[in-house]
Amino acid sequence: MIEIRGKRLRRYDRVTAGEWTETIRQAGPGAKGEPLAYVHVPQDAPKGGRTARPPFNVTGVHGEPLCSVRSSGGGVYEVHGGDGALIGRITRGGGRWLPWPRRVHWTVQSAQGGEPLTGKVGSGKGWTAMVLLSPLYFAYWAVMAAQGLVLLLIGDKEEARKDAAWELEPPSWTRWRAAGEPDVVMEHASGAYRFGSSRLDHRLAYAQAVLHAWDRA
C-alpha cells in the first residue's frame with residue numbers, strides 16, 4: 001500500500017533544483033510513511049495538460065533507477081525500466097458528458113502481454129452525489145468568498161486564506177481489473193493505492209499511481 005500526495009507534481013517547475021519532485025511512501029496500518037521511491041520531473045519540462053504530462057523518472061530510495069515515463073500523445077504513456085526496456089503502456093481515456101456520460105478511465109498494458117487492466121475514476125453513485133450537491137457547494141462557496149473578501153479588506157490574510165481553501169473534490173475511487181474478471185489488481189481509495197498481484201509489475205503500479213495522483217492534484 002502506497003500514498004502519493006501529488007501537490008508538488010503540479011508545481012514541479014518550482015521545486016528546488018536538485019530535489020526530487022514528489023515522494024512515494026508506505027501507507028496502511030502500522031506504516032510510518034517511510035519513503036519507497038522518489039519522482040523526478042524536469043523543472044524546464046513544458047506543461048502538457050492531462051493527456052500529455054511532462055516526462056518523469058522514478059528512483060529508489062538509494063537513487064537506483066526504477067522506471068521512466070514519457071508521453072507519446074493522445075493520453076498514451078510509455079513506461080521503460082531502469083535498463084531502458086519497455087515494460088508497459090498506460091493510457092488515459094478522457095471523460096465526457098455528451099452524447100452520454102463517461103468517466104475518465106485508465107488502462108495499464110504490460111509489455112509482457114496479457115489482458116490490460118482498466119480502472120474507471122469514481123463510482124456512478126459518487127458522481128451522481130457530486131452533481132446533486134454541486135448547487136449547495138456553489139452557494140456555500142459564494143458565502144465563503146464574500147466572507148474571505150471582508151477579512152482580506154480588514155487585513156486578516158490568514159483567515160481569508162482559510163476561507164478560500166475549501167474545495168469540492170470530485171470522486172477519485174478507482175479499481176483496476178481485467179475485463180470480465182472480478183479480482184481487483186490495483187485500487188485507489190482514501191488517498192492510498194493498494195496492489196500486490198503478480199500480474200502487475202510494481203514499477204507500472206508506481207507509474208500509474210503518479211499519473212492518477214497528478215490528475216487528482
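In which sense do strand S9 (residues 117-121) and S10 pair, and over how many bridges? The close-ups below take up this question along with several salt bridges, all in a predicted model.

**View 1. Strand S10 and its neighbours.** To settle the opening question, S9 and S10 run antiparallel and are joined over five bridges. Within this pairing, Lys 120 sits opposite Arg 175 of S10. S10 also pairs with strand S11 (residues 186-189), again in the antiparallel sense, here over three bridges. In that second pairing, look for Trp 176 opposite Met 186 of S11.

**View 2. The two faces of strand S10.** In a regular strand, side chains alternate between the two faces of the sheet. Strand S10 (residues 174-178) shows such an alternation: Thr 174, Trp 176 and Ala 178 point to one face and are buried. Arg 175 and Arg 177 point to the other face and are not buried.

**View 3. A salt bridge between two loops.** Side chains of opposite charge can pair when their charged atoms come close. Here Lys 47 and Asp 13 form a salt bridge, with 3.6 Å between the closest N and O atoms. Lys 47 belongs to the loop between strand S3 (35-40) and strand S4 (56-60), and Asp 13 to the loop between strand S1 (2-3) and strand S2 (22-26), so the pair ties together parts that are 34 residues apart in sequence. Lys 47 is exposed, at a relative accessible area of 54%, while Asp 13 is partly exposed, at 35%.

**View 4. A salt bridge between strands S6 and S7.** Arg 89 and Glu 78 meet through their side chains in a salt bridge, 3.3 Å from N to O. Because Arg 89 lies in strand S7 (residues 86-93) and Glu 78 in strand S6 (residues 76-81), this contact ties together parts eleven residues apart in sequence. Both partners are partly exposed: Arg 89 has a relative accessible area of 39%, and Glu 78 has one of 24%.

**View 5. A buried salt bridge and its network.** Asp 215 and Arg 92 form a salt bridge whose closest N and O atoms are 2.8 Å apart. With Asp 215 in helix H3 (residues 202-216) and Arg 92 in strand S7, the pair ties together parts that are 123 residues apart in sequence. Both residues are buried. Shared salt-bridge partners join Arg 50, Arg 53, Arg 92 and Asp 215 into one network. For the wider picture, a search of the whole structure finds nine salt bridges.

Conventions:
Residues numbered from 1 in each chain as written. Predicted model: local features only at pLDDT ≥ 70, side-chain atom pairs only at ≥ 80, totals over all residues. Heavy atoms only, no water. Salt bridge = Lys/Arg side-chain N within 4 Å of Asp/Glu carboxyl O. Helix = DSSP H or I, 4+ residues; strand = E, 2+ residues; numbered from the N terminus. Buried < 20%, exposed > 50% of the residue type's maximum accessible area, 1.4 Å probe, protein only. Pairing = 2+ DSSP bridges.
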